[in-house]
Amino acid sequence: MVLIGPPGAGKGTQAARLAAHYRIPHISTGDMLRMEVRQETPIGLQVRDRLAAGLLVPDALMLGMVEHRLLQKDAKQGFILDGFPRSPYQAEALQRLLERIQRPLMAVVQLIVPDQEIVVRLSYRRCCSLCGKTYHLMYNQPQREGYCDIDQAPLVQRDDDREDAIRTRLQVYHQQTEPVVDYYRRTPLLREVHALGDVPSISLHIQNLLKGAAA
């Protein structure tokens, strides 16, 4: 399955819940890239500035990362892709990859959230500087202000969660990623979900849609 939607739509939250429900891996290309940046690997150094500015990463690099991940043992029974594909070219390349490894998509779930809500969600988001756990200063505050509940490390704001970068990310999404929705709309795979409301209700709605897809 693919989860698609603007930054801050809740893809990571919903993907984690669905992965636990179906016992399959949640594959977040954004998390994979940020780990490369934190570890200062050659890939991380290559993409660091692009991520901070809210820009997309080159296709060839993304496709190589995704293929390597999908071929790992834990993805053989299924997977949830979060953050990929982000362009029609990547969607077509993913289709060819999945045909080659004989694991076709069951569904593509689009999470729909208005832009202004996205700005509020992301500009108030904070992440643990050590473990990466995410908090929200309005909706999901840590027990101790400014520090992670798990390891007590300081919370930080990601560079791409600053308002100027958020608006760049939204512009990039509308221009380059929304066409992916049009690509999948021409197939029977697309399921649309208005992702405003409480997290459990949205999760249940997605699961019901997936039952229909499986049938």
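**Reading local features in a predicted model**

Modeller: The disulfide count comes to zero, under a rule that asks for a pair of cysteine sulfur atoms within 2.5 Å. This is a predicted model, with local features needing pLDDT of at least 70, side-chain atom pairs counting only at pLDDT 80 or more, and totals for chains, interfaces and linings using all residues. Residues are numbered from 1 along each chain as its sequence is written, and side-chain values use heavy atoms, leaving out hydrogens and water.

Colleague: How far is the nearest cysteine sulfur from that of Cys131?

Modeller: The nearest is the sulfur of Cys128, 3.6 Å away, and Cys131 is in no disulfide. Cys148 has its closest cysteine sulfur in Cys128 too, at 3.7 Å, which is too far for a bond.

Colleague: Is Cys148 buried or exposed?

Modeller: Accessibility is read in three classes: buried is under 20% relative accessible area, exposed over 50%, and partly exposed in between (1.4 Å probe, protein chains only). Cys148 is buried, at 0%. Cys131 is partly exposed, at 39%.

Colleague: How do I read an aromatic pair, and which residues form one here?

Modeller: The distance of the centres and the angle of the planes describe such a pair. Rings of Phe, Tyr and Trp (its six-membered ring) pair with centres within 6.5 Å; planes under 30 degrees apart are stacked, over 60 edge-to-face, the rest tilted. The structure holds one pair. Tyr183 and Tyr184 meet edge-to-face, 5.1 Å centre to centre, with 85° between the planes. Tyr183 is buried at 15% relative accessible area, and Tyr184 is buried at 2%.

Colleague: Which ring does the charged end of Arg144 sit over?

Modeller: The test is NZ of Lys or CZ of Arg within 6 Å of the ring centre and within 35 degrees of the ring normal. Arg144 sits over the ring of Tyr147, 3.9 Å from its centre. Lys133 does so over Tyr135, at 5.3 Å.

Colleague: Tyr135 brings me to the strands. What is the strand order in the open sheet of three strands?

Modeller: Strands of a sheet pair through backbone hydrogen bonds, parallel or antiparallel. Helices (H or I, at least four residues) and strands (E, at least two) are DSSP runs, numbered from the N terminus; two strands pair if DSSP finds at least two bridges between them. The order here is 6-5-7, with antiparallel pairing. Strand 6 (134-136) and strand 7 (155-156) are the edges: each has a single partner strand, so one side of each lacks a neighbour in the sheet. Strand 5 (residues 125-128) pairs with strand 6 over three bridges. Arg126 stands opposite Tyr135.

Colleague: Which helix packs on the sheet?

Modeller: Helix 6 (residues 115-123) does, touching strand 5 and strand 6. Contact means heavy atoms within 4.5 Å. The helix direction makes about 35° with that of strand 5; axes are lines fitted to C-alpha atoms, for helices over the stretch in contact, and angles run from 0 to 180 degrees between N-to-C directions.

Colleague: Where is Gly8, and what does Gly8 touch?

Modeller: Gly8 lies in the loop between strand 1 (2-4) and helix 1 (11-22). Not counting residues up to four places away in sequence, Gly8 touches Ile118, Arg121 and Leu122. Gly8 is buried, at 18%.

Colleague: Which peptide bond is cis, going into Pro85?

Modeller: The one from Phe84 to Pro85, with omega near 5°. Pro85 is in the loop between strand 3 and helix 5.
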